[in-house]
Amino acid sequence: MSPLFRCRIRVPRHSSKKNEKEPARRGARTFIKKTSAAQYVEGWMIRLLRIEKLKSRIDEPIACDVRAVFKFYFPASVYFNKKGARSKTLPDLSNLYQLPEDVLQKVGIILNDTQVESHDGSRRLPIEGSEYWLEIELFSL
């Protein structure tokens with residue numbers, strides 16, 4: 001089955017929306033906001049996915065339910081600890097889904113992130129080198 005959308009983008013790092021929050025104040029009011037590092041990664045991803053949307057010639061957002069496959073590639077030096085085992089400090093896979101899903105909706109590739117019915121095939125993977133990559137594939141159900 002061919003995907004409705006597919007791309008592979010280099011990202012500065014993988015970001016977990018859930019774990020990258022900080023308190024902020026505006027006057028007497030206190031609220032929770034994204035860290036500047038999380039805002040940077042989100043902006044980066046928005047720019048790249050807008051380009052990929054144009055390349056894929058998506059004029060209208062995908063409106064059907066989808067199976068999303070997210071492959072989060074980490075440099076091997078980050079993915080593994082010094083003993084050669086998978087690092088316990090990697091972000092949870094379930095937390096990693098949230099940012100790309102939100103950005104796919106924000107740039108108009110999908111209508112709503114509630115359309116994602118499955119993450120079958122998604123995973124974290126090591127890669128040689130020092131760069132982080134994200135591969136996205138969307139399939140109709």
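Which residues does Ser 15 touch, not counting those up to four places away in sequence? In this predicted model, the list runs to Glu 20, Ala 38, Val 41, Leu 96 and Leu 99. Ser 15 itself is found in the loop between β1 and β2 (21-26). Loop or not, Ser 15 has a relative accessibility of just 5%, so it counts as buried. With Glu 20 there is also a polar contact, side chain to side chain, at 2.9 Å.

Stepping back to the overall layout, the protein has four helices and seven strands, and their order along the sequence is β-β-β-α-β-α-α-α-β-β-β. The C-alpha atoms fit a box of roughly 50 × 40 × 25 Å along the principal axes. Of the 141 residues, 43% count as buried. About 8300 Å² is exposed, and carbon and sulfur atoms supply 49% of that area. If one takes contacts between residues at least 6 apart in sequence, 82% of them join residues at least 24 apart.

Next comes the interior. In soluble globular proteins, nonpolar side chains tend to be buried together. Here the largest nonpolar core has 31 residues, and the ones with the most contacts inside it are Phe 5, Leu 49, Leu 104, Ile 109, Ile 136 and Leu 138. At least two core residues come from each of β1 (5-11), α1 (36-55), β4 (66-75), α4 (98-106) and β7 (132-140). Ile 136 gives a good view of how these pieces meet: beyond its neighbours within four places in sequence, Ile 136 is in contact with Phe 5, Arg 6, Cys 7, Leu 49, Val 69, Phe 70, Pro 100 and Leu 104. Phe 5 and Cys 7 turn up again around Glu 52, which is in contact with these two and with Ile 9 once neighbours within four places are set aside. Glu 52 lies in helix α1 and, at 12% relative accessibility against a cut-off of 20%, it counts as buried.

As for the aromatic residues, the count comes to five pairs. One of them joins Tyr 40 and Trp 44, with ring centres 5.9 Å apart and planes at 55°, so this pair is tilted. Both residues sit in helix α1, four residues apart, or about one turn of the helix. Tyr 40 is partly exposed, because its relative accessibility is 45%. Phe 74 and Tyr 132 make another pair, with centres 5.8 Å apart; their planes stand at 75°, so the arrangement is edge-to-face. This pair links distant parts of the chain, since Phe 74 belongs to strand β4 and Tyr 132 to strand β7, 58 residues away. Both of these residues are buried. In addition, Phe 70, Phe 72 and Tyr 97 form one aromatic cluster.

Arg 8 brings a charge into the aromatic picture. Its charged end sits over the ring of Tyr 73, 4.9 Å from the centre. Arg 8 also lies over the face of Trp 133, at 5.0 Å from that ring centre.

Finally, there is Asp 92, in the loop between α2 (76-79) and α3 (93-96). Asp 92 has a relative accessible area of 44%, so it is partly exposed. Along the sequence, 76 residues separate Asp 92 from Ser 16, yet in space the two are 8.0 Å apart, C-alpha to C-alpha.

Methods
Residues numbered from 1 in each chain as written. Predicted model: local features only at pLDDT ≥ 70, side-chain atom pairs only at ≥ 80, totals over all residues. Heavy atoms only, no water. Buried < 20%, exposed > 50% of the residue type's maximum accessible area, 1.4 Å probe, protein only. Core = buried A, V, L, I, M, F, W, Y, C linked by side-chain atoms within 4.5 Å. Contact = heavy atoms within 4.5 Å. Phe/Tyr/Trp six-rings, centres within 6.5 Å; stacked < 30°, edge-to-face > 60°. Lys NZ or Arg CZ within 6 Å of the ring centre and 35° of its normal. Polar contact = N/O pair within 3.5 Å; in protein donor to acceptor, adjacent residues only side chain to side chain. Areas by Shrake-Rupley, 256 points an atom, 1.4 Å probe, with all protein chains shown as cover.
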